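Please take a moment with the sequence and the structure below before reading on. The paragraphs that follow are meant to be read with both in view.

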Amino acid sequence: MGSTPYQPPPATTLNQLRAFLAAARLGTFSAAAVELRTTQPSVSELVKRMEEHYRVPLFTRGARRLVLTSAGEELLPYAQQAAEAAEGADRALRSLTSLDGGVATFGLLRNADYYLLSDLLETFHARHPRVRLRIVGLNSVEVAEAVTAGDLEAGLVVLPIDAEGLDITPLLRDEVVYASADPGRTTRPITMTDLAEAPLILYDAHYGWRDPTRRQLAERAQVEGVTLSPLVEVEQVDSALHLVARGAGDTIVSRAVAGSRTFPKDLHTVGFAEPLYDTIAAVQRQGAVLSPATREIARLARRMLLER
């Protein structure tokens, strides 16, 4: 017959350390029991188990008050550290089920400021100052990929995106229009043939034709049998508008951008012959449960969008 493997006795428990600390601070097991909301024999037994396990007395039991022995003095700072660490862990975990702490991770479409979402962080922080924010402003392509991968809990995107593994909730449609410094180019709605012949200045150069708005245009161009070849590509919509205002070419923007205070006053806009829309949607991983902090910032973002 094989021998039974040696099982070491259990290590000191947190309850034992708490009983030891209360007794050391208050001087009696009965006072410690009152603070810990238990009985005097229970506190005494918890301390006794430690003493028996390590075979050293932790207290000298006087007539009126407990006095720490040298072993008790040695244990005291470690017991305090352990109790404080446990309390910190408890606070951290509780913060995940409240809005008194934790982290909100959320992705915003790159032109979020044009949809009045610039107030989002300020509003959230004013209401929940103890919550840490990680807000990433990227192209919708990257927001969707980050949510799918679990790097972000949720976000706002422009459709279409690759939706596999995501729950998508459409929130708002915004018309896409053609913008030019030449009023003669905006006298009638734009067709795909017009767009193919135009001196186009497009933004989101890094993502190119993966960008959701460009993706819609590319699909339409394919159906119409035309090719879209931008004259200039830049990263930011503001850079594109600056070039358009100087007469270097034309671009496309959403109505939110065209109606903003920063939109160049000398530019003219017109819609497409077949109206084109950006659809803004909320995304999160399928089946995922959002943390309270991220759930709240997502709720605020949706409300701000829908109140536009």
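What follows is a walk through the aromatic rings of this structure and the charged side chains that lie over some rings.

The model is a predicted one, and a search of the whole structure finds two aromatic pairs in it. To follow them, it helps to know that a pair of aromatic rings is described by the distance of the centres and the angle of the planes. In one of the pairs, the ring centres of Phe20 and Phe59 are 5.5 Å apart and the planes meet at 45°, so this pair is tilted, given that stacked rings would need planes under 30 degrees apart and edge-to-face rings over 60. Phe20 belongs to helix α1, which covers residues 14–26, while Phe59 belongs to strand β1, residues 59–61, and the pair therefore links parts of the chain that lie 39 residues apart.

Are these two rings buried or exposed? Phe20 counts as buried because its relative accessibility is 0%, and Phe59 is buried too, with a relative accessible area of 3%.

Phe59 also pairs with Phe29, and here the arrangement is edge-to-face, with 6.1 Å from centre to centre and 90° between the planes. Since Phe29 lies in helix α2 (residues 29–36) and Phe59 in strand β1, this pair ties together parts that are 30 residues apart in sequence. Both Phe29 and Phe59 are buried, and Phe20, Phe29 and Phe59 form one aromatic cluster.

Elsewhere, charged side chains lie over aromatic rings: Arg173 is placed over the face of Tyr277, at 3.8 Å from the ring centre, and Arg214 lies over the face of Trp209, at 5.1 Å from the ring centre.

Notes: Residues numbered from 1 in each chain as written. Predicted model: local features only at pLDDT ≥ 70, side-chain atom pairs only at ≥ 80, totals over all residues. Heavy atoms only, no water. Phe/Tyr/Trp six-rings, centres within 6.5 Å; stacked < 30°, edge-to-face > 60°. Helix = DSSP H or I, 4+ residues; strand = E, 2+ residues; numbered from the N terminus. Buried < 20%, exposed > 50% of the residue type's maximum accessible area, 1.4 Å probe, protein only. Lys NZ or Arg CZ within 6 Å of the ring centre and 35° of its normal.
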